Amino acid sequence: MSLRLIYGRAGTGKSEICFNEISEKIAGKNKIYIITPEQFSFTSEQKLLNSIKQNAVINAEVITFNRMAYRVSRRSSEELQKQTFQK
């Protein structure tokens, strides 16, 4: 797993670079997460679907910071419970 940051001024094509690359890698078996602020999640989902030219995506997901934090917290607590019950 890797993390890649793409940054720059508004209108320089950051989103286009990301979604074009995702559309190329979408056929792989690895899950792709697009982490975005809450207010941009709907727009990001639209851009994702438009870039891959399909109606549904299985290997890619737009996830907000809050949703990601919830999932990490839930998974961590599940792991902690498993460890506690195994002792």
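1. Let me start with Glu21, which is partly exposed at a relative accessible area of 24%. Glu21 sits in helix H1. This is a predicted model, and in it the C-alpha atoms of Glu21 and Phe40 are 19 Å apart, with their positions 19 residues apart in sequence. The cut-off for buried is under 20% relative accessible area, so the 24% of Glu21 puts this residue in the partly exposed class.

2. Next, the packing of H1 on H2. The two axes come within 9 Å of each other and cross at roughly 50°. That angle makes H1 oblique to H2. The handedness of the crossing between H1 and H2 is right-handed. From H1, the contact is made by Ser15, Phe19, Ile22 and Ser23, while H2 brings Ser44, Lys47, Leu48, Ser51 and Ile52. Sorted by class, the contact of H1 with H2 holds four nonpolar, four polar and one charged residues. If you wonder why distance and angle are quoted together, two packed helices are described by the angle between their axes and the distance between the axes.

3. Ser51 deserves a closer look within that contact. Ser51 belongs to helix H2 and is buried, with a relative accessible area of 17%. Since buried means under 20%, the 17% of Ser51 falls in that class. Which residues does Ser51 touch, leaving out those up to four places away in sequence? They are Phe19 and Ser23, and both of these are listed on the H1 side of the contact with H2.

4. Another residue of helix H2 is Leu49. Is Leu49 buried or partly exposed? Its relative accessible area is 31%, so Leu49 counts as partly exposed. Measuring along the chain, Leu49 and Gly13 are 36 residues apart, and their C-alpha atoms are 17 Å apart in space.

5. Now for the core. Phe19, Ile22, Ile26, Ile32, Ile34, Leu48, Ile52, Ala60 and Val62 form the largest nonpolar core, which has nine residues. Helix H1 (14-25), strand E1 (32-36), helix H2 (41-52) and strand E2 (60-64) are the elements that give two or more residues to this core. Among the core residues, Phe19, Ile22, Leu48 and Ile52 also take part in the contact of H1 with H2.

6. Ile26 is a core residue whose partners are worth inspecting. Setting aside neighbours within four places in sequence, Ile26 is in contact with Ile32, Val57, Asn59 and Ala60. Of these partners, Ile32 and Ala60 are listed in the core as well.

7. Strand E1 offers a pair of consecutive residues to look at, beginning with Thr36. Is Thr36 buried or exposed? Thr36 is buried, because its relative accessible area is 6%, against a cut-off of under 20%. Beyond residues up to four places away in sequence, Thr36 touches Ser41, Ser44, Val62, Ile63, Thr64 and Phe65. One of these, Ser44, is on the H2 side of the contact with H1, and another, Val62, belongs to the core.

8. Ile35 also lies in strand E1, but this residue is partly exposed, with a relative accessible area of 40%. Where residues up to four places away in sequence are not counted, Ile35 touches Ile63, Phe65 and Met68. For one of these partners, Phe65, the C-alpha to C-alpha distance from Ile35 is 6.5 Å, with the pair 30 residues apart in sequence.

9. I would close with Phe65, which both Ile35 and Thr36 touch. Phe65 lies in helix H3, residues 65-86, and counts as partly exposed at 45% relative accessibility. What does Phe65 touch, not counting residues up to four places away in sequence? Its partners are Ile35, Thr36, Pro37 and Glu38. As for Tyr33, that residue is 32 residues from Phe65 along the chain, and their C-alpha atoms are separated by 11 Å.

Conventions
Residues numbered from 1 in each chain as written. Predicted model: local features only at pLDDT ≥ 70, side-chain atom pairs only at ≥ 80, totals over all residues. Heavy atoms only, no water. Core = buried A, V, L, I, M, F, W, Y, C linked by side-chain atoms within 4.5 Å. Buried < 20%, exposed > 50% of the residue type's maximum accessible area, 1.4 Å probe, protein only. Helix = DSSP H or I, 4+ residues; strand = E, 2+ residues; numbered from the N terminus. Contact = heavy atoms within 4.5 Å. Axes fitted to C-alpha atoms, helices over the stretch in contact; angles between N-to-C directions. Parallel < 35°, antiparallel > 145°, perpendicular 65-115°, else oblique. Left-handed = near helix turned anticlockwise from the far one by under 90°. Nonpolar A, V, L, I, M, F, W, Y, C, P; charged D, E, K, R; others polar.
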